[in-house]
Amino acid sequence: MKAYDIKKGNVVEYNGSVYQVRDIERSSPQGRGGNVRFRFTMYSVPGGNKADASFDGDDELREVDLTRRQATFSYKDGDAFVFMDDEDYSQYALDAAAIGDAAGYITDGLGGCYVQIVDDLPVGLQLPTSVVLEVVDTPPELKGGTATKRPKPARLNTGIEIQVPEYIANGEKVWVNTTTGEFGGRAD
């Protein structure tokens, strides 16, 4: 597969390891006859180690067959997160390294997840775009404050901290974008 055909989310072999492409930057040539270069931000599968690499548009990369299975978070077993396949109920255990920062968005019974599988081994997780989490610790709203709405820190039930509007209180459920980690509104 040529570098210019690769899209975000593709899984490729690079330097003898398997990587998922998370971000692609395209740089146009300076002057005539220059080649378009592609800079990939990739994460190793499994392991999640970051790698940056640049390629010419015509460089060949071998795409690795990645299966995505829709699954629901079942339970935590030590350091492993166990997901159950929504179709055939197989269980996939992903260790903390494979989950990485996604751990802060995983709650009991979280559905809409995709477990990524390479060579029959679960290697990665794709979260739903946003999840509902509960605010467990945030300062109270300042009464009679200025008219500007300042964001304030809020710790959520999974341990992560995000910025929320001042009117959000402890115990409220909020939508959180799993890509940016940003507040997405109140959840009912």
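Which backbone nitrogen does the side chain of Asn-10 reach? Select Asn-10 and have a look: its side chain reaches the backbone nitrogen of Lys-7, at 2.6 Å. Before we go on, keep in mind that you are looking at a predicted model. Asn-10 sits in the segment before β1, the strand that covers residues 11-14. Turn on a surface and you'll find Asn-10 counted as buried, because its relative accessibility is 14% and the cut-off for buried is under 20%.

**Next stop: Thr-138**

Now jump along the chain to Thr-138. You'll find Thr-138 in the loop between β11 (130-137) and β12 (152-156). Is Thr-138 buried or exposed? With 7% relative accessibility, Thr-138 counts as buried. Show the side chain too: the side chain of Thr-138 reaches the backbone oxygen of Pro-153 at 2.8 Å.

**On to the salt bridges**

Time to colour by charge. Side chains of opposite charge can pair when their charged atoms come close. Across the whole structure, a search turns up 12 salt bridges. Let's visit a few.

Select Asp-52 and Arg-39 together. Their side chains meet in a salt bridge, with 3.3 Å from N to O. Asp-52 belongs to strand β4 and Arg-39 to strand β3 (residues 37-44), so this pair ties together parts that lie 13 residues apart in sequence. How exposed are the two partners? Asp-52 counts as partly exposed at 40% relative accessibility, and Arg-39 is partly exposed too, with a relative accessible area of 37%.

Next, pick Arg-69 and Asp-85. Here the side chains meet in a salt bridge at 2.6 Å, N to O. Arg-69 lies in strand β6 (residues 67-77) and Asp-85 in strand β7 (residues 80-85), so the pair ties together parts 16 residues apart in sequence. Which of the two burial labels fits Asp-85, buried or exposed? Asp-85 is buried, with a relative accessible area of 2%, while Arg-69 counts as partly exposed at 23% relative accessibility.

Keep Arg-69 selected and add Asp-88. Arg-69 forms a salt bridge with Asp-88 as well, the closest N and O atoms being 3.7 Å apart. This pair links distant parts of the chain: Arg-69 is in strand β6, and Asp-88 is in the loop between β7 and β8 (91-94), 19 residues away. Asp-88 is partly exposed, with a relative accessible area of 44%. Now add Glu-87 to your selection, and you have a network of salt bridges linking Arg-69, Asp-85, Glu-87 and Asp-88.

**A patch on the surface**

Switch back to the surface view. Which residues gather in a patch of negative charge there? Select Glu-63, Asp-65, Asp-119 and Asp-120 and you'll have them. Zoom in on one of these, Asp-120, in the loop between β9 (113-118) and β10 (121-126). Asp-120 counts as exposed, because its relative accessibility is 75% and exposed means over 50%.

**Last stop: Asp-58**

Finish at Asp-58, in the loop between β4 (50-56) and β5 (62-63). Asp-58 is exposed, with a relative accessible area of 54%. Now select Ile-162 as well and draw a line from C-alpha to C-alpha. How far apart in space are Asp-58 and Ile-162? The line spans 42 Å, and the two residues are 104 residues apart in sequence.

Key: Residues are numbered from 1 along each chain as its sequence is written. This is a predicted model: local features need pLDDT of at least 70, side-chain atom pairs count only at pLDDT 80 or more; totals for chains, interfaces and linings use all residues. Side-chain values use heavy atoms; hydrogens and water are left out. Patches are made of residues with over 30% relative accessible area and no salt bridge: like charges are joined within 9 Å, nonpolar side chains (Val, Leu, Ile, Met, Phe, Trp, Tyr) within 5 Å. Accessible areas come from the Shrake-Rupley method with a 1.4 Å probe; for residues, only the protein chains shown count as cover. A salt bridge is a side-chain nitrogen of Lys or Arg within 4 Å of a carboxyl oxygen of Asp or Glu. Lys and Arg count as positive and Asp and Glu as negative; His and the chain ends are not counted. The place of a charge is taken as NZ of Lys, CZ of Arg, CG of Asp or CD of Glu. Helices (H or I, at least four residues) and strands (E, at least two) are DSSP runs, numbered from the N terminus. Buried means under 20% relative accessible area, exposed over 50%, partly exposed in between (1.4 Å probe, protein chains only). A polar contact is a pair of N or O atoms within 3.5 Å; within protein, one must be able to donate a hydrogen and the other to accept it, and residues adjacent in sequence count only if both atoms are side-chain atoms.
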